[in-house]
Amino acid sequence: MTQSHCVDLQWQTEITRLSGQPISLCYQCQRCTSGCLPAAHADYTPNQIIRLIQYGARERVLRSRAIWLCSSCYACDVRCPNGINISDVMDVLKEMAITGGLAPLEENAPLFHRLFVKDIRRRGRVHEAVLMARYKLRTGTLWDDLPLALRLYRRGKLPVLASTVKQKQTIRRLFHLAESSVKGGRTDQ
Ligand code: SF4
Ligand code: SF4
């Protein structure tokens with residue numbers, strides 16, 4: 001796929017505001033990357049993602065696989081000497097990629113992300129069995145991990161009944177605030 005190499009110099013400011021992370025402080029020590037397991041399989045390492053944001057390479061970042069391989073394990077966050085929580089940055093990038101129509105269609109991670117967030121919005125927490133069933137139905141892989149699912153069920157790790165948080169109104173307000181914040185600061189729409 002052809003990539004645009006347009007530079008958006010305001011983008012770093014936008015990502016800093018939305019993620020709350022001091023991206024301009026990154027001096028490329030690469031400590032984040034040395035602790036990141038998916039980095040070896042990604043097109044960009046975490047420190048490269050931060051550098052590309054500083055350069056304003058918006059489309060290149062939002063079309064990257066790297067943001068979808070991030071599992072929010074926080075290993076990079078605890079290593080950064082400048083207190084940059086890259087996992088928070090990655091969350092913002094995922095939402096931007098989806099809302100901007102730049103998420104890779106050939107990957108299933110954006111679909112999983114959407115279903116995950118939908119579940120949180122609905123109940124305030126994820127119901128693993130329902131989430132996995134929906135994901136597997138949508139990806140045509142319903143039977144692939146059945147033995148694993150049965151093992152998890154037997155060990156009580158896959159409850160059948162869904163639970164919800166008590167204050168669902170608070171969750172809805174948080175979603176509303178987050179969405180208004182993204183819309184208010186978006187420069188591409
Ligand atoms: S939070 Fe994401 S970017 Fe950071 S180490 Fe974990 S997988 Fe890598
Ligand atoms: S650990 Fe922090 S300062 Fe070092 S490269 Fe990663 S984000 Fe930049």
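This is a short dialogue on reading a predicted model of one protein chain with two ligands.

Me: What should I know about the model and its numbering before I start?

Reply: This is a predicted model: local features need pLDDT of at least 70, side-chain atom pairs count only at pLDDT 80 or more, and totals for chains, interfaces and linings use all residues. Residues are numbered from 1 along each chain as its sequence is written, while chains are lettered from A and ligands numbered from 1 in the order in which they are written.

Me: How many helices and strands does the protein chain have?

Reply: Start with the definition. Helices (H or I, at least four residues) and strands (E, at least two) are DSSP runs, numbered from the N terminus. Here the protein chain has 11 helices and zero strands. From the N terminus on, the order reads α-α-α-α-α-α-α-α-α-α-α.

Me: How compact is the protein chain for 189 residues, and why?

Reply: Compare two numbers. The radius of gyration is taken over C-alpha atoms, and the globule rule is 2.2 Å times the number of residues to the power 0.38. The protein chain has a radius of gyration of 18 Å, close to the 16 Å that the rule gives for 189 residues, so it is as compact as a globular protein of that length. Its C-alpha atoms fill a box of roughly 50 × 40 × 35 Å along the principal axes.

Me: What share of the 189 residues is buried?

Reply: Count neighbours. A residue is buried if 20 or more other C-beta atoms lie within 10 Å of its own, exposed if 12 or fewer, and partly exposed in between; C-beta atoms are placed from the backbone. Buried residues make up 21% of the 189 residues.

Me: Which residues of helix α1 are buried?

Reply: The general idea comes from helix geometry. An α-helix has 3.6 residues a turn, so residues three or four places apart point the same way. In α1 (residues 11-19), the buried residues are Trp11, Glu14, Ile15, Leu18 and Ser19. Seen down the axis of α1, they fall within an arc of 110° (the arc of the directions from the helix axis to the C-beta atoms), so they line one face of the helix. Gly20 follows α1, and its phi is positive, near 75°.

Me: How many of the nine residues of helix α10 are buried?

Reply: Zero. None of the nine residues of α10 (residues 146-154) is buried, so this helix lies largely in the open. Gly156 follows α10, again with a positive phi near 75°.

Me: Which residues have a positive phi without being a glycine?

Reply: Gln28 has a phi of about 60°. Gln28 sits in the loop between α1 and α2. With 12 other C-beta atoms within 10 Å, Gln28 is exposed. Tyr74 has a phi of about 70°. Tyr74 sits in the loop between α5 and α6. With 13 other C-beta atoms within 10 Å, Tyr74 is partly exposed.

Me: Which residues surround ligand 1 most closely?

Reply: Use a distance shell. A residue is near a molecule if its C-beta atom, placed from the backbone, lies within 6 Å of it. Ligand 1 has 14 residues around it, and the closest are Cys36, Cys70, Cys73, Cys76 and Ser87. Helices α6 (75-79) and α7 (86-99) each supply at least two residues of this shell. The largest share, three residues, comes from α7.

Me: How do the residues of that shell divide by type?

Reply: Fix the classes. Ala, Val, Leu, Ile, Met, Phe, Trp, Tyr, Cys and Pro count as nonpolar, Asp, Glu, Lys and Arg as charged, and the others, Gly among them, as polar. The shell around ligand 1 holds 10 nonpolar, four polar and no charged residues.

Me: What surrounds ligand 2?

Reply: Apply the shell again. Ligand 2 has 16 residues around it, the closest being Cys26, Cys29, Cys32, Asn47 and Cys80. Helices α2 (31-34) and α3 (46-55) each supply at least two of the shell residues. The largest share, three residues, comes from α3. By type, the shell around ligand 2 divides into 10 nonpolar, four polar and two charged.

Me: Where do the domains lie along the protein chain?

Reply: Domain bounds come from an automatic or database domain assignment. The protein chain is divided into domain 1 (11-104) and domain 2 (109-179). Their centres, taken over C-alpha atoms, are 25 Å apart.

Me: How many residues of domain 1 are in contact with domain 2?

Reply: Two residues are in contact if their C-beta atoms, placed from the backbone, lie within 7 Å. Five residues of domain 1 are in contact with four residues of domain 2. On the domain 1 side, they divide into four nonpolar, no polar and one charged.
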